[in-house]
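Here is a short note for a colleague who is opening this structure for the first time. Please keep the model in view while reading.

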Amino acid sequence: MKTFKDIASAYEEALLPLYPVAEIKQLFLMSYSFVTEKNSAHYMLSNANEITEPMLHQFLGILGELQTGRPIQHVLGIADFYGLRLSVNEHTLIPRPETEELVEWIVKEHQNSEQLSILDVGTGSGCIALALKKQLPHAKIDAIDLQGEAIKVARANAAHLDLSVDFVQADVLEWDIFMQENQQYDIIVSNPPYITPTEQKDMHNNVLLYEPHSALFVEEHAPLLFYDVIAEMGGKHLLPGGSLYFEINQYLSSETCNLLLKKGYKNITLRQDLNQVDRMIKASFKII
């Protein structure tokens, strides 16, 4: 293998048992950008160029790990999210494009706010909190996660990006213990665990085997546990006119809306993502 085009062909041949062709091409281009520090447009102009021996070893090392089914974000140790490059590992959920849409919703609705307080529940890599801080620099943002290892990653990302977010290890199921009476927020946002065991059969092994189950799955008998708890917390800690923003299970959108109605929330808005599936909800607890 002498050229980048040769490497692209090797990726397709080796990874066809695991991924469709379009996804393999994306995996190669992500590898190309990582190894060469050039974008995919540059590859189109240089795919016949000869590569150096060190580059070849890098490509083959990445390919070998991809053949195990390990997600490329974990192989490279990075994931791009809403214009930010974040470190990720096996302790953090890999940020998804659907979650970028949730961030976009908040940014568009609050970009002119001079004072804003936000709580991100289940922050993982810190992707939501850090993207919001980047876009809404005047906002005061707190973020919590149950897993200490995830908090370490989030703090490292914040330091690398020079963004000020207060990351705290805490269990939202015990919010009434760690939340102070006077903690009030304009926004509480969360992409909590929402996948039920019966949905696992449709999931790829690179998710099931390599991403943290505590960030993904809920018990079959309580699929809305975290929405229930966070909505209850919002009742005590949202400012007048404040809002909840949730990423949700597409199969439980009606149930989630009904839960919020029963909790006394108003102005409940359900949105679909780019794949035209129910994916996001906004709800206000108190009306100004």
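The points below go through aromatic pairs, one strand and one helix.

1. **Status of the model.** This is a predicted model. Please read each point with that in mind.

2. **Aromatic pairs.** The whole structure holds 10 aromatic pairs. One of them joins F4 and F59. The two rings meet edge-to-face, at 6.2 Å centre to centre and with 70° between the planes. F4 belongs to helix α1 (residues 4–15) and F59 to helix α4 (residues 53–66). They are 55 residues apart, and the pair links distant parts of the chain.

3. **Burial of that pair.** Are F4 and F59 buried or exposed? F4 has a relative accessible area of 6%. Buried means under 20%, so F4 counts as buried. F59 is buried too, at 0% relative accessibility.

4. **A ring cluster.** F4 and F59 also belong to a cluster linked by ring pairs. Its other members are Y11, F28, Y32 and Y43.

5. **A pair between helix and strand.** W105 and Y245 form an edge-to-face pair as well. Their centres lie 5.5 Å apart, and the angle between the planes is 90°. W105 sits in helix α6 (residues 97–110), Y245 in strand β7 (residues 238–247). The pair therefore ties together parts that are 140 residues apart in sequence. Both W105 and Y245 are buried.

6. **Strand β7.** Why can β7 be called largely enclosed by the rest of the structure? Of its 10 residues, 7 are buried. β7 pairs with strand β6 (residues 185–190) in the parallel sense, over 5 bridges. With strand β9 (residues 278–284) the pairing is antiparallel, again over 5 bridges. L244 of β7 stands opposite I188. L244 also stands opposite A283 in β9.

7. **Helix α12.** Which residues of α12 (residues 253–262) are buried? S253, T256, C257, L259 and L260 are. These residues cover an arc of only 155° around the axis, so they lie on the same side of α12. L261 and K262, on the other side, are exposed.

8. **What covers α12.** Several elements cover the buried residues of α12. Among them are α11 (225–237), β7, β8 (266–272) and β9. Strand β7 thus appears here again, besides its pairing with β6 and with β9.

9. **After the helix.** G264 follows α12. Its phi is positive, near 95°.

Definitions and conventions: Residues are numbered from 1 along each chain as its sequence is written. This is a predicted model: local features need pLDDT of at least 70, side-chain atom pairs count only at pLDDT 80 or more; totals for chains, interfaces and linings use all residues. Side-chain values use heavy atoms; hydrogens and water are left out. Rings of Phe, Tyr and Trp (its six-membered ring) pair if their centres lie within 6.5 Å; planes under 30 degrees apart count as stacked, over 60 as edge-to-face and the rest as tilted. Helices (H or I, at least four residues) and strands (E, at least two) are DSSP runs, numbered from the N terminus. Buried means under 20% relative accessible area, exposed over 50%, partly exposed in between (1.4 Å probe, protein chains only). Two strands pair if DSSP finds at least two bridges between them. The arc is that of the directions from the helix axis to the C-beta atoms. Contact means heavy atoms within 4.5 Å.
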